[in-house]
Amino acid sequence: MYHGPVRITILCEDQAPMGFRDQIFSGQHGLAVLVEAGTVILVDAGPSDVMLKNAHLAGVDLNRVEWIMLSHGHWDHGDGLLNLSEAGIRAKLICHPGVFVDRRKATGEFNGLAISQGQADARFDLLESVAPVEIAKSVWFLGQIPRQNAFEAKQTSFFQMQDGERQPNFLPDDTALAIRSDKGLVVVSGCSHAGICNICEYAKDVTGENRLHMVLGGFHLLDDSDVLEQTVAYFKAQRPDYLYPMHCTALPALARFYQEFGITKLCTGDTVTIE
């Protein structure tokens, strides 16, 4: 169990707060979250250099980053890796081996990463894993998330090109970070293509901690009201102390979470601390 404070700073998110003069953070579709919990982890890198600019405004030294965790292989979570490398930041990069596939939207438009597996290996200390990895004391990269419940991750409009053929892509590479703290589990998700409830349940299995203290990140609740209602029911039963749905969570879902849980919507530049 990790006994120290956990500090989480949002370096890229779809929305930015109201700024003033020299403290104007930039919002951009994507996610980058700095997690300090005995080690310094950057969960995702956003879509561009925006996380570098926001880190400067937030007083965050990205040279302190020991681990970069890529939650999945979509451009809005990983294209900023090239910008990090160009800024001279070389850290351990952990991800599922499936992040580098040639993935596409339903339209056929490329939807994967600008960085290749070879470039990632050359620019960072690359570690690929399907299995969970404890990257620091009680801090876990969860690896491939089992799709166990009956309502999440059952349909996809994405596909990948494999051996010249078009194959459905359910993003098996989608993963999250879990910290076993004194107050319970802290789960940081990227986009939750695997399902945020599936992610939380697997985090419990991996860490051996059943209490959910905080769940933060992309929840991928867009337009399926049944999935939303079952997700709300799950969290009402689990009773986490804090819920922070962010990136890839549509307004109706945010409104529902506000109605049920009184959530605060975090934006670029915001920080939360667990003492």
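Colleague: Is Glu36 buried or exposed, and at what relative accessible area?
Modeller: This is a predicted model, and the value is computed from it. Residues under 20% relative accessible area count as buried. Glu36 falls in that class, so the answer is buried, at 17%.

Colleague: With which residue does Glu36 form a salt bridge?
Modeller: Side chains of opposite charge can pair when their charged atoms come close. For Glu36 the closest N and O atoms of the pair are 3.2 Å apart, and the cut-off is 4 Å. The partner is partly exposed, with a relative accessible area of 40%. That partner of Glu36 is Arg64.

Colleague: How many residues apart in sequence are the parts that Glu36 and Arg64 tie together?
Modeller: Glu36 forms a salt bridge with Arg64. Glu36 lies in strand S2 (residues 32-36), while Arg64 sits in the loop between helix H1 (50-58) and strand S4 (67-69). The pair therefore ties together parts whose separation in sequence is 28 residues.

Colleague: Which residues of H1 are buried, and within what arc do they fall?
Modeller: The buried residues of H1 are Val50, Met51, Asn54 and Ala55. Seen down the helix axis, they line one face of H1, because they fall within an arc of 130°.

Colleague: What covers the buried residues of H1, and which residue follows the helix?
Modeller: The cover includes strand S1 (6-12), S2 and helix H3 (80-86). The residue that follows H1 has a positive phi, near 75°. That residue is Gly59.

Colleague: With which residues does Glu209 form a salt bridge?
Modeller: Glu209 counts as buried, at 7% relative accessibility. In one salt bridge of Glu209 the closest N and O atoms are 3.6 Å apart, and the partner is Arg180. In another they are 3.0 Å apart, and the partner is Arg211. Glu209 thus has salt bridges with Arg180 and Arg211, because both distances are within 4 Å.

Colleague: Is Arg180 buried or partly exposed?
Modeller: Buried means under 20% relative accessible area. Arg180 has a relative accessible area of 25%, so it is partly exposed.

Colleague: How many salt bridges are there, and which residues do shared partners join into one network?
Modeller: The count comes to 14 salt bridges. Salt bridges that share partners join four residues into one network: Glu229, Lys236, Arg256 and Glu260.

Colleague: At what angle do H5 and helix H6 pack?
Modeller: H5 residues Ile196, Cys197, Cys200, Glu201 and Lys204 meet Thr231, Tyr234, Phe235 and Gln238 in H6. By class, this contact has five nonpolar, two polar and two charged residues. The axes of H5 and H6 (residues 225-238) are 10 Å apart, and the angle is about 30°.

Colleague: Is the aromatic pair of Tyr234 and Phe235 stacked or edge-to-face?
Modeller: Tyr234 is buried, and so is Phe235. Their ring centres are 5.2 Å apart, with 70° between the planes. Planes over 60 degrees apart count as edge-to-face, so the pair is edge-to-face.

Colleague: Is the aromatic pair of Tyr242 and Tyr244 stacked or edge-to-face?
Modeller: Tyr242 is partly exposed, with a relative accessible area of 41%, whereas Tyr244 counts as buried at 11%. The rings are 6.3 Å centre to centre, with 0° between the planes. Planes under 30 degrees apart count as stacked, so this pair is stacked.

Colleague: Which residues form one aromatic cluster?
Modeller: The count of aromatic pairs comes to six. The residues of the cluster include Tyr234 and Phe235, which form an edge-to-face pair. In full, the cluster is Phe219, Tyr234, Phe235, Phe257 and Phe261.

Definitions and conventions: Residues numbered from 1 in each chain as written. Predicted model: local features only at pLDDT ≥ 70, side-chain atom pairs only at ≥ 80, totals over all residues. Heavy atoms only, no water. Salt bridge = Lys/Arg side-chain N within 4 Å of Asp/Glu carboxyl O. Helix = DSSP H or I, 4+ residues; strand = E, 2+ residues; numbered from the N terminus. Buried < 20%, exposed > 50% of the residue type's maximum accessible area, 1.4 Å probe, protein only. Phe/Tyr/Trp six-rings, centres within 6.5 Å; stacked < 30°, edge-to-face > 60°. Axes fitted to C-alpha atoms, helices over the stretch in contact; angles between N-to-C directions. Contact = heavy atoms within 4.5 Å. Nonpolar A, V, L, I, M, F, W, Y, C, P; charged D, E, K, R; others polar. Arc of directions from axis to C-beta.
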